[in-house]
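Hi,

Here is the structure I said I would pass on. Have a look at it first, and then read my notes underneath.

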Amino acid sequence: QYAKMIQDSGCSLLAVHGRTREQKRCSEIRADWQMIKEVKELLDIPVLANGDIRHLQDAKDCLAFTGCDGVLSAEPLLMNPALFSTERSPTGEPPCPEDPCNLLLEYLDLCEVYYTPQRMVRAHVHKLLGPWFNVFPDVRMRMNNEVSTLELYRNVANELKGLIRNHVAEQKAQATVETAAS
């Protein structure tokens, strides 16, 4: 009924998050797409669904289930800006392990064209490269001790690409040795 009141007061587009305020950022609790669907069916205005959209297939599933006019995604887009790309896996697997570095380099090119505050750039770098910073914490520590510049982040991305390739090659070699030993 609250959504209906909002529409009746003149709202022309409504975004509905499928969690309560207390459940926000709680990965253990799935967004309630059924509730979003019920809101969509009640209203005459466009409704956007938000919650548990981690990759393209989630977006398609949510749209099919809820009948909404679109979806929103926040945190997952910061970690994977190619989330809605139809040129990639519908379940979000990167085409190669160093893909986050490639996406970061693309992002940095855009930051040169479109002004972006350095604090936001730094936050996006951490979101994009976070999983690799867990593998290579020394790179993150060195980066955090430097003045924030686009050139610094380009250097970090390129350094990580090499480290990731070596890391993946070492893992494959180790798997081959373990397979041969068994």
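Below is what I found, going from the whole chain to the sheet and then to the cores.

First, a caution: this is a predicted model. The protein chain has 8 helices and 3 strands. Read from the N terminus, the elements go α-β-α-β-α-β-α-α-α-α-α, so to speak in one line.

As for overall dimensions, the C-alpha atoms fill a box of roughly 60 × 50 × 30 Å along the principal axes. The radius of gyration is 21 Å, whereas a compact globule of 182 residues would come out near 16 Å. Buried residues account for 38% of the 182 residues. The chain exposes about 11,200 Å², and 55% of that comes from carbon and sulfur atoms. If you take the contacts between residues at least 6 apart in sequence, 56% of them join residues at least 24 apart.

**The sheet**

The 3 strands form an open sheet in the order 1-2-3, with parallel pairing. Strand 1 (14-17) and strand 3 (70-72) are the edges, each pairing on one side only. On average, neighbouring strands are turned by 30° against each other, direction ignored.

Strand 1 and strand 2 run parallel and are joined by 4 bridges. In that pairing, alanine 15 has leucine 48 of strand 2 as its bridge partner, and histidine 17 stands opposite asparagine 50. On the other side, strand 2 (residues 47-50) pairs with strand 3, again in the parallel sense, over 3 bridges. There, alanine 49 is partnered by valine 71 of strand 3, and asparagine 50 by leucine 72.

Which helices pack on this sheet? Helix 2 (residues 33-42) does, touching strand 1 and strand 2, and its direction makes about 155° with that of strand 1. Helix 3 (residues 56-66) packs on the sheet too, touching strand 2 and strand 3, at about 130° to the direction of strand 3.

The faces of the strands are worth a look. In a regular strand, side chains alternate between the two faces of the sheet. Strand 1 has Leu14 and Val16 on a covered face, with Ala15 and His17 on an uncovered one. Strand 2 is covered on both faces: Val47 and Ala49 on one side, and Leu48 and Asn50 on the other, are all buried.

**A loop residue**

Threonine 20 sits in the loop between strand 1 and helix 2. Is it buried, exposed or in between? Its relative accessible area is 40%, so threonine 20 counts as partly exposed, the class between under 20% and over 50%. Its C-alpha lies 8.9 Å from that of alanine 31, which is 11 residues away in sequence.

**The cores**

Nonpolar side chains tend to be buried together in soluble globular proteins. Here the largest nonpolar core has 25 residues, and the ones with the most contacts inside it are Leu104, Val121, Val125, Leu129, Phe133, Val156 and Leu160. Helix 5 (99-113), helix 6 (118-135), helix 7 (137-144) and helix 8 (150-181) each supply at least two of its residues. Helix 8 gives the largest share, 8 residues.

To see how this core is knit together, try valine 156. Leaving aside neighbours within four places in sequence, valine 156 is in contact with Leu129, Phe133, Val139 and Met143. There is also a second, separate core of 17 residues, which includes Val39, Ile45, Ile53 and Leu83.

**One more residue to click on**

Leucine 128 is in helix 6. Why does leucine 128 count as buried? Because its relative accessibility is 4%, and buried means under 20%. Not counting residues up to four places away in sequence, leucine 128 touches Leu78, Met79, Pro81, Pro100, Leu103 and Leu104. With Leu104 the C-alpha separation is 6.9 Å, although the two leucines are 24 residues apart along the chain.

That's it from me. Enjoy exploring!

Key:
Residues are numbered from 1 along each chain as its sequence is written. This is a predicted model: local features need pLDDT of at least 70, side-chain atom pairs count only at pLDDT 80 or more; totals for chains, interfaces and linings use all residues. Side-chain values use heavy atoms; hydrogens and water are left out. Two strands pair if DSSP finds at least two bridges between them. Axes are lines fitted to C-alpha atoms, for helices over the stretch in contact, and angles run from 0 to 180 degrees between N-to-C directions. Contact means heavy atoms within 4.5 Å. A nonpolar core is a set of buried Ala, Val, Leu, Ile, Met, Phe, Trp, Tyr and Cys residues joined through side-chain atoms within 4.5 Å. Buried means under 20% relative accessible area, exposed over 50%, partly exposed in between (1.4 Å probe, protein chains only). The radius of gyration is taken over C-alpha atoms; the globule rule is 2.2 Å times the number of residues to the power 0.38. Accessible areas come from the Shrake-Rupley method with a 1.4 Å probe; for residues, only the protein chains shown count as cover.
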